[in-house]
Amino acid sequence: MTSGQATSDHETSEHAASTIEISPPAEDFVHAALRSPATAVAVALLLRLVFLYLAHDSGGNLFPVGQEAGNVAWSFALGHGFSSPLIGMQGPTAWVAPVYPLLLALGFKLLSMNPYHVVIFGQVLNSIFSALTCWPIYLLAKKLFGSGIALASCWTWVLLPTAILFPLEWIWDQSLSALLLTALLCATLYLPVAPSCPEALERGIRAARHSHKGLIWAAYGIGWAFALLTNPTVGLLLPVFLGWLAWQCHESGAPWKGPIAIAVLTCVLGIVPWTARNYADFGHFVPIKSNFGLEFWLGNNPDVKIIWTWWRSPASDAAETAELHRLGEIGYMQEKQRQAVAFVKAHPGTFLDSSFDRFVDTWTALWDQHADPWVTALHAGAAYTSFCSIFSLLALLGLLLARRGDALQTFPLSAAMLLFPATYYITHSAMRYRHPIDPVMTMLAVYAAVCAYARVAGKTEVKAKIDKTSPAMAAESRQQRRARSRRTATTD
């Protein structure tokens, strides 16, 4: 090589080096932050706290609701035990599940028994639960649909109107229930080894899980116990999720009887202390809550026209209050359940009509718009119904698309959407009752919207990217999965 050529090559390399663009560190940091679910959690919490401030600055039109849980928390904080869910009602109670009232009781203790401050405590607590839900939404969507849809899903939850409204309006367990159910659904999908894992990676995962298998499944069972003691309605999903996990383990050639037994045992052990307390106080077997009979009767009695008869509750009706005092809590609930069952048997057509009305209300807020105090105060009834209806349709479309990709892998999503609201179809409905599955619906609605955009806009590159991360493209055939998993189990 001549000296002239060497000089030319050196100048060329210097020119190439000088043309390389180096992103400023600030841009890299901002880009990484925006793509992190932790940022979504922080923004969600900040947004909810801003709305909390505006609600308290509105002059009293936007007041939070939560009578029974607050009354029990007050009684417990005073040292009277878990009791007195209604004004004038004394003695032990199982009217509400224990977790959320005990959290409020902690607020009373910390805040010197100041009711106004505890209301703010409850709203802030709910806002934290709602914000934290971004994280399992991200993990769940990433598992099924890829990181792009996962990120869009958790940011959609940040801005979702009901995810902002309910934590502030209701001093109740709906935000904590949403967090717990989404986390349990996420754990359910992550417990089995992913069928598309490379064999080497799968063996590593199997080894790690095998060494801590008992602890992992025990933690899963404890999570269920905590969720049941927060909102027993999620119990409808427990046998379904366990059955799905057993099938997944069986398909992969992994043992399932021992792990499922560990999860069930720890879940039962987590509930037993509260059930024993109820039996000691009432002399009856009450696993968690006692109030199903009343809720069933409020939606199924001769006075029901649409949805339920809220004014017949002992909280509002003096005659029912007197009946409650005469029979006691358990006797009253049993009597109301007998009356409701008798009414349903005598008027099956009316029961079906009312159940259909509640089904429609669960997904459209058609009647809930008139009952929700904040929606009424904001004069947002029509917008509320439109939003809830469109949101439900998008989520249903997303579920259908996901099931078309891989019905088995997305079965827990189907179970959550279709089974969880069933209790409210036969008792009485409200959008906040459905809120625990709103995170799942958010993820599915985003998936449907992205798929629809890709198809309408003819974005083939977007469609290809969705397909690449969808269950249909990621999953192997069942025969390949079964053969490879059993071969791996044998070599291990």
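Student: Leaving aside neighbours within four places in sequence, which residues is Leu-62 in contact with?

Tutor: A contact here is a pair of heavy atoms within 4.5 Å. In this predicted model, Leu-62 touches Ala-55, Trp-374, Ala-377 and Leu-378 once its neighbours within four places are set aside.

Student: Where is Leu-62 found?

Tutor: Look at the loop between α3 (37-56) and α4 (67-77); that's where Leu-62 sits. For a feel of how the chain comes back on itself, take Val-375: 313 residues separate it from Leu-62 along the chain, yet the two C-alpha atoms are 9.4 Å apart.

Student: And is Leu-62 buried or exposed?

Tutor: The cut-off for buried is under 20% relative accessible area. Leu-62 comes in at 17%, so it counts as buried. Try the same reading on two cysteines: Cys-451 is at 15%, so it is buried too, and Cys-388 is buried with a relative accessible area of 1%.

Student: Since you bring up cysteines, how many disulfides does the structure hold?

Tutor: The general idea is that a disulfide covalently bonds the sulfur atoms of two cysteines. This structure has zero of them.

Student: Let's zoom out. What does the secondary structure come to?

Tutor: You get 27 helices and zero strands. As for the contacts between residues at least 6 apart in sequence, 72% join residues at least 24 apart. Of the 492 residues, 48% count as buried. The accessible surface is about 23100 Å², with 68% of it belonging to carbon and sulfur atoms.

Student: How would I check one helix, say α24, against its expected span?

Tutor: Multiply 1.5 Å by one less than the number of residues. Helix α24 covers residues 438-457, which is 20 residues, so it should span 28 Å; its end C-alpha atoms are 28 Å apart, in agreement. Just after α24 comes Gly-458, with a positive phi near 65 degrees.

Student: What is the mean pLDDT of the protein?

Tutor: The mean is 87, and 83% of the residues reach 70 or more. Over residues 10-22, though, pLDDT stays under 50, and the model gives that stretch zero contacts beyond four places in sequence. Residues 194-202 are also below 50, but there the model has 17 contacts beyond near neighbours in sequence.

Student: How should I read stretches like those?

Tutor: Where pLDDT is low, don't read the predicted coordinates in detail. That caution goes for the 17 contacts of residues 194-202.

Definitions and conventions. Residues numbered from 1 in each chain as written. Predicted model: local features only at pLDDT ≥ 70, side-chain atom pairs only at ≥ 80, totals over all residues. Heavy atoms only, no water. Helix = DSSP H or I, 4+ residues; strand = E, 2+ residues; numbered from the N terminus. Buried < 20%, exposed > 50% of the residue type's maximum accessible area, 1.4 Å probe, protein only. Areas by Shrake-Rupley, 256 points an atom, 1.4 Å probe, with all protein chains shown as cover. pLDDT = per-residue confidence, 0-100. Disulfide = S-S within 2.5 Å.
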